[in-house]
Each structure stands twice: as C-alpha cells, then as structure tokens.
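Hi everyone, thanks for coming. Let me put the structure up, and then we'll walk through one helix and one interface.

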Amino acid sequence: MNTTSATEPNIAMVLIARPARLIWLLLRQALWRMPMLIIISLVVFVILRGIPVDPLNMLVPPNASSADIARLSHQLGLDRPVLVQYGYWLLAALHGDFGISIQTGTAVTAMILEALPTTLQLLGAGFAAGLVMGLGSGLLSFHLRGTRFEPAIMTLNGIMIAIPDYLWAIVLIISLGVGLQWLPFVGPIDAALQVRKLTGFTLLDSLLSGNAAAFASVVSHLALPALALGLCVATPIARMLHASLAEVYHEDYIHAARLRGVAEKPLLLRHALRNAALPTIALIGVQASVIIGGTLLIETIFGLPGIGALMLRALGAFDMQTIQALAVVYAITVQIVNLVISWALQRINPRLRSSP
Amino acid sequence: MSIRLPSSLWRRLMRKRSFCLSAGFLLLLALVAVLAPMLAPHAPNDQNLLEVLLPPFWADGGSLDYPLGTDGLGQCVLSRLLYGTRIVVVIAITAPVGAALLGCVLALLGGYHSGWLNWAIDRFVDIWLSFPSVLLALILMVALSPGLQNVILAIIFVDWARFCRVIKAEVLVIRRREYVAAARISGASIYGVIKREVLPGIVPSLIALMALEISIAVVAESVLSFAGMSVGPGTPTWGAMISDGLGSMYSSPYPLLLPVLMMILTVLAATFLGQGLSEATDVRALERSGAA
C-alpha cells in the first residue's frame, strides 16, 4: 500500500471515470444476460405449447362454427409454426405487452405490476432477515470456536439447512402463529385496516401515508413469511461464512495483523470478514434461484397476493399468457439479483476488476 | 495412490452414527412402502364421514381404530402416511438415477467435444441453474398431465444441470491425468478410456450428488403435490396431505403435523446420508487424513 498522496485520485477520475466504468460493467452484464432470458422464455414457450387444453376452446362460444375457430386461430397466430408464434410473442413482450389473461380477461402486464411489489417486498425482507441471521450466527459460531457451543451450533445448522422453505413456513405457522399466537400469518395486513395505494409496496405506502397502525400490522404480517424465507437464506450463509473464516484465519496477513497488535474483535470484523465474505456473497448468487422460487409457495401459504400466488392460480387454470409472462419475470428477478451480487463482489474484491 | 477396497468404504461409513441412522431410516421407509397394503389398517382413500378429524389414539377422544386419527374427509392418517411412502421411495430411487444418467451423458459429451457442443451445454447448464427449479417443474407438470411417470420426468428434466456441471468439471480434470494419456498411448479407444479410466474417476462425486439429489427430489415431489400438480388426486402423497392439513389446521393439527414431521425426518435422513457418503468418498480428504 502506497502513501495516500501518490494514489489520491483526481476529481475528473472520481466524477467521470468511476460512474462510467460502473455503467459499462452493468451494461455488459445486462447484455450478457439478455440471451439467457430469451432462451428461458423460449423453453417455457415450447413447453407450454404442450398444454393438453386447447386455448381456443376457452375463447370461442360453444356454438362457434369450425370456420369461426379457424379465423380466430389465424387471428391469434395459432396456426403458424411455434417459432413464428414465439417471435410475435417476443416482439410484443419487448414492448411490455404480455397479452390478455384467459382466466380474468385483463391485461397480464397490469396483473403482474399489481402483484409484483408484494413479492419484491417479501424477497427484500427475506434477504435482509437471512443476511442478518446468517452473518450473525456464522460470526457467533466462529467466535465461539473451540468451545462446546461451536459443534452444537454447527449441528443445529446442519439440521436446519436440510429443511425446505415451505416446511419452515408451516412449522412457523404451527409454532409461532397457531401455538403461541405471537404473530399473524394470514394475508398482507389486518383485514380491518387499509392502506392507500401509492407505490404498491405496503410497507412504504403505510409509512408515506403516516398510518402507524397499518405499518405495524404490515410489519407483523410480513414477519413470519420473511422469517421462513430468511431461514433458507441464513443457513447456507452461516455454514459458508464459518468455513471461510476458518480458512482465512490461516493466512499470513491475519498473523501479521495480530502481531501488529490488532485486537481480536477488529481483526475478525475488519480484516478477516472482508475476505471471508467473498465466497459467502458468491453463494447467495448461486442460491438466488432457489430463494426466489421459494417465494412461490411461501406467498401461497401465507396468503400474500404476490406473483407466486398469481402463478399458482394461473397454473391451475392453464392460463398460458400469465404463466409465460411470470416465468420471464422470475427469470429477470434472478438475473437482477445475480447482477447485484456480481457488482458487490467487484466492489469488495479488487482482484476481480480486470482493468486497473 | 493405493487401491481402495469397497470394504474400507463400508467400514468408514459404518463408523458414522448419523449415516447408519439415516440409512436405516430410509431402508425402513422402503420396507414400509413395499408392505404398505399389509400394514395400513384402512384403504388410503376410504372416507368415514362420521369420524372426521379424530385425534391420534393417545389424545382424548382417539381410538385404536384410527391410530393416528383421521383427516377432514375421515380418511385414516396412518394409512395415508404409509401409502405416501410409496411415492417418496419411487421418486427417491428413480429421480437421482435419471438425473445422473442425463447429466453424465451431457457432461461426457461436453467434456470430450470441445467445440460448439461444449459451449452450448455450458450455457444450458447456466440457464437451468438460474431459473427457479420449482417453477420449471410446475410449468412442466401443467404441460404434461398428472401422473407418477410425468413427475419423475419433470424432476429429471429440472435437476440434470447440477450433475452436469459438477461431473463435467471432474471429466475435464481426469482427461488431463497422465494415466489417461498412458491408456490412450497403449491403444485404448476413446470409449475404452471413458469406460475404464474416466467413469471410475467420477464415481465418488456421482455417489455424493445422487445421495443429495434424493432429498432434493423428494422435496420437489412434495412441492408439486402440495400445489396439486403431482400424481393426481387418487394417490395419497405427503405433500397433498400437508396441503389438506393446512385447511383443517384449526380443528385438528395432527393431519398437518404428522406428514410435516415425516417429511422433515425423511429430508434429514436423505441429507445426512448424502453428507456421510460424500465425506466417505472424498478422495482428497482421505488422502489428507492418510486413510487411503
């Protein structure tokens, strides 16, 4: 490490080069992820053509003649090859038009935009709860290394890591919801309360409208679903963090820092954690698809009106347009989480930055 | 490297208590699945609408007629649990084998074809792993019709990518080993090398992956049947029991608690089985500890 005066960046560098590099990084990442999204949507499109229910039968009245059906089929493009149909769908989707839901007769895009904030809110709360619990228990178990608590925590972690998210949801409902009656577990907010819709995020809306009772109700209704999701985020994080902290502590720079007289606490939190966090953050990226898939059942179990509940209803009703659009939304969500993760990794780990 | 005998593997495994317990539990499950018609006191779909939501025999009002009580339709919970093991066991056996086969074939293809095919397989693995597998399985089950065969197909179609990624990395490492070059020089064909040199090399990872896939596949099936998109309404599954149990949770928690408990025990057993196997077959760890 040099003296600060030699490496001090000039103003132009800070104002222009850094944001430009960040934007270039994000753009490159986004461009690289676009083909993946297109292939996912194509795979889902092809799979959905196999639905045993003919979408035309749901659209035409029972007394329609075969000529009528043929005309409608032509109008909807259903008589053309699958790839051509997909092309039309993609073109419309790129303009934000995902078609009309067979189930409700409304525009799919509007339905999704209505439900999406609930899911994102759950996802955000789940990730936050998971990070806090995971980092906390990982650090704690490492801090207690050598004592009899360490194997106890790790054994508990080994058991908890195996339990899938929807079983956590049910276990939490039975124990904290029905058994102890600490927290509510049905719906997004108390039935008697209402929040004026501003952004769609009920947490934000209740705060913005200054409705303290509604905010408290939203928080308490979000607690159990976020906990169920968070437990699935936390357990692998804790395990990974514990393992990589143990590895990092064998490295020379830790010994050097200790010889310089750095106390145990700043050594762990400032020196070791930064390096040990890298594989942990990368793990979150790998787990992102599992966690986001977990919101599907958690929303259904807790009665949250998010896109997961929408998806399960659409699946039950063979609502192809909605299923197709939601699959893309889920894929985009995973890609965005991965984008953020790779950005965070680059921020924390200078070795990953290719250009000096 | 000395030659490791399978018996040493067994000895290492048997020393681990968690492995023995979990393997025993899973074997018991398989036995129950085979003997379900003899063990179950009632037919799994027999409804007794006069005795709805009975508690288990140890609670007040329970009877030994229905040892674990009845659900909201008056069906015997014990019988349904016993019959539910059949789906669990079938999935636990077929899905890992199928996903391993598909994943290995694609991994070998990619590992030995360093052109566009390798690139394409890598991209597909990336894509598959970046899409929620629960969702892909659900979408597949909508397109296919309900049924055990289709559930197995859907789980294999969703889960091959994990096998492919790990095994391909192994294949690429093994390919560059000197004994593979030696085998090629001494006249073995590519297929001979794959069969005699590469396949034995990937067995440890494959065993560990397949054992972990047991719990993943069992959970996937339970999620599908929880969402009502699995083997169809006539066949009792734990996932469907959990879903039904949620509805009658306030009147009686047992039809919900018991399948949840069985599910958790099974997943734990499968996970510990996988951990035990992957520790016992981890060649690097063994070399470090001097056991190999």
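How far apart are the end C-alpha atoms of helix α8 (residues 190–226) of chain B? They are only 46 Å apart, although the helix has 37 residues and a straight one would reach 54 Å at 1.5 Å a residue. That expected span is 1.5 Å times one less than the number of residues, and helices here are DSSP runs of H or I, at least four residues, numbered from the N terminus.

Before going on: this is a predicted model, where local features need pLDDT of at least 70, side-chain atom pairs count only at pLDDT 80 or more, and totals for chains, interfaces and linings use all residues. Residues are numbered from 1 along each chain as its sequence is written, chains are lettered from A in the order in which they are written, and side-chain values use heavy atoms, without hydrogens and water.

Back to α8(B): a kink of about 40° lies at V203(B), shortly before the proline P204(B). The bend is the angle between axes fitted to the seven residues ending there and the seven starting there. After α8(B) comes G228(B), with a positive phi near 75°.

Now the interface. In chain A, 41 residues are in contact (heavy atoms within 4.5 Å) with 37 residues of chain B. I47(A), Y166(A) and L315(A) supply 17% of the area that chain A buries against chain B, more than any other three residues; buried area is the accessible area (1.4 Å probe) that two parts lose on being put together, summed over both. Between the two chains, about 3300 Å² is buried, and carbon and sulfur atoms give 86% of that. Thanks for listening!

Notes. Helices (H or I, at least four residues) and strands (E, at least two) are DSSP runs, numbered from the N terminus.
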